[in-house]
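Q: Please look closely at one part of this structure and describe its surroundings. From there, please lead a newcomer to the other parts that deserve attention, in a single connected account.

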Amino acid sequence: MDEPSVRLSTGNIIYPKTNLISDDYEISNTVLGLGINGKVLQCHNKDNGQVYALKVLHDSLKARREVALHWRVSGFRHIVSIIDVYKNSYNGNVCFLVVMECMRGGELFQRIQNQQTGAFTEREAAKIMQEICSAVKYLHDRNIAHRDLKPENLLYTLPDQNGVLKLTDFGFAKEVNVHATLETPCYTPYYVAPEVLGPEKYDKSCDIWSLGVIMYINHGQAISPGMKKRIRTGQFDFPDPEWSGVSKDARDLIRGMLCVNPAKRLDIDQVMCNQWIAKYGEVPETPLYTGKMLKEGEETWPEVQEEMMRSLATMRVDYDQVHIKSLNNSSNALLDKRRKKNLMNVLKK
Ligand code: ADP
């Protein structure tokens, strides 16, 4: 018999419904989108006839983590809502069926691309960034890092002006352990200095990097030919004419979010305090080239997406899963310095 609740190692508990989803929903063949875990299908509630989106996940630790973390934050305005979760078996395979609000407005950049030339302004870009940043702040305040923040995971509820932008896909989300001791992984992924930063800050810093890339693209930088290289190397520049009218505040914010060293990168509170985000309604209404650039770069867009995916995968090293050297045994110049400093402090007391 199905257990009524599913406990996770982190202490999260999912309470899925265990009756058949087909009791409550009509599942259609309409595919809303394709992801790495399979299709997202359209479904209808049998009681009220409303349309929803259905994501099917095979039971695994990763799937449980996704469902539990997404569910926990699903009430926030800029995060896609979960309506119901079912745990059903098909031919002996246990699945989680996640019913979400249906995002009919499509992806963020598709929408910008469809706007008329001149209609998309720096103020509009600031509003969008404020909304995405508020979702990230909501997560980071709850010690959750999304770790897969990319344009495909930012969807609008409706295609018209009433559409609300929301973040989805918690497939790589992680509850960051604030109590983790300062330990040294036996290899150093990407540019990180975890002994300086601590694992919880590192996981969150990936989301800030994503925000920086999204904001950079949002400002209408040509997609082709250099974007892939910029993403890979972290060398983002601000050439004319695309950037000539863009405010200094916006450029400084992008620099702060794309800082190659995650220890020096802004955190979400610093981002939210930045005047360009905090006072987005006062940002100049300078027309941006974004729609035109996205249209012209349409062919290269999949390569940009792939590069972002690759960079995120590189950054997403789970410190708690790699072999960890004990702090006492590890030899590292910085740690040595810190140990000596601590010793000095103890001796001074
Ligand atoms: P995966 O984790 O397998 O990558 P996603 O959650 O990213 O799956 O969903 C894959 C695609 O399905 C998205 O890029 C989007 O186009 C579509 N999609 C996801 N959720 C919804 C939703 N709630 N409403 C409409 N379309 C959705």
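A: Isoleucine 132 is found in helix 4, and the model in which it is seen here is a predicted one. The relative accessible area of isoleucine 132 is 2%. Because buried means under 20% relative accessible area, isoleucine 132 counts as buried.

The surroundings of this residue can be listed. Leaving aside neighbours within four places in sequence, isoleucine 132 is in contact with Leu108, Leu149, Leu154, Leu165, Leu211 and Ile214. One of these partners, leucine 211, is 79 residues away from isoleucine 132 in sequence, yet their C-alpha atoms are 7.9 Å apart in space.

Helix 4, which spans residues 122–141, also contributes tyrosine 138 to an aromatic pair, and that pair is best introduced together with the others. The whole structure holds 6 aromatic pairs. In one of them, tyrosine 25 and tyrosine 86 meet edge-to-face, with 6.1 Å from centre to centre and 85° between the planes. This pair links distant parts of the chain, since tyrosine 25 belongs to strand 3 and tyrosine 86 to strand 6, 61 residues apart. Both residues are buried: tyrosine 25 has a relative accessibility of 2%, and tyrosine 86 has one of 0%. The pair of helix 4 joins phenylalanine 76 to tyrosine 138; the ring centres lie 4.4 Å apart and the planes make an angle of 20°, so this pair is stacked. It too links distant parts of the chain: phenylalanine 76 lies in the loop between helix 2 (61–73) and strand 6, while tyrosine 138 lies in helix 4, 62 residues away. In addition, Tyr25, Tyr52 and Tyr86 form one aromatic cluster.

Rings also take part in arrangements with charged side chains. The charged end of lysine 62 is placed over the ring of phenylalanine 172, at 4.5 Å from its centre. Arginine 111, in turn, lies over the face of tyrosine 156, and the distance to the ring centre is 3.8 Å.

Tyrosine 25 and tyrosine 86 lead on to the sheet, as they belong to strand 3 and strand 6. An open sheet is formed by 5 strands in the order 3-4-5-7-6, with antiparallel pairing. Its edge strands are strand 3 (25–35) and strand 6 (82–90), each of which pairs on one side only. From one strand to the next, the twist averages 30°.

Strand 3 and strand 4 (residues 38–45) run antiparallel and are joined by 7 bridges. Within this pairing, valine 31 stands opposite leucine 41 of strand 4, and isoleucine 27 has cysteine 43 of strand 4 as its bridge partner. The hairpin from strand 3 to strand 4 passes through 2 residues.

Strand 4 continues the sheet on its way to strand 5 (residues 51–58): these two strands run antiparallel, and 5 bridges join them. Here glutamine 42 has alanine 53, in strand 5, as its bridge partner. The hairpin of strand 4 and strand 5 has 5 residues between the strands, and in it glycine 49 takes a positive phi near 75°.

Note on methods:
Residues numbered from 1 in each chain as written. Predicted model: local features only at pLDDT ≥ 70, side-chain atom pairs only at ≥ 80, totals over all residues. Heavy atoms only, no water. Pairing = 2+ DSSP bridges. Helix = DSSP H or I, 4+ residues; strand = E, 2+ residues; numbered from the N terminus. Axes fitted to C-alpha atoms, helices over the stretch in contact; angles between N-to-C directions. Phe/Tyr/Trp six-rings, centres within 6.5 Å; stacked < 30°, edge-to-face > 60°. Buried < 20%, exposed > 50% of the residue type's maximum accessible area, 1.4 Å probe, protein only. Lys NZ or Arg CZ within 6 Å of the ring centre and 35° of its normal. Contact = heavy atoms within 4.5 Å.
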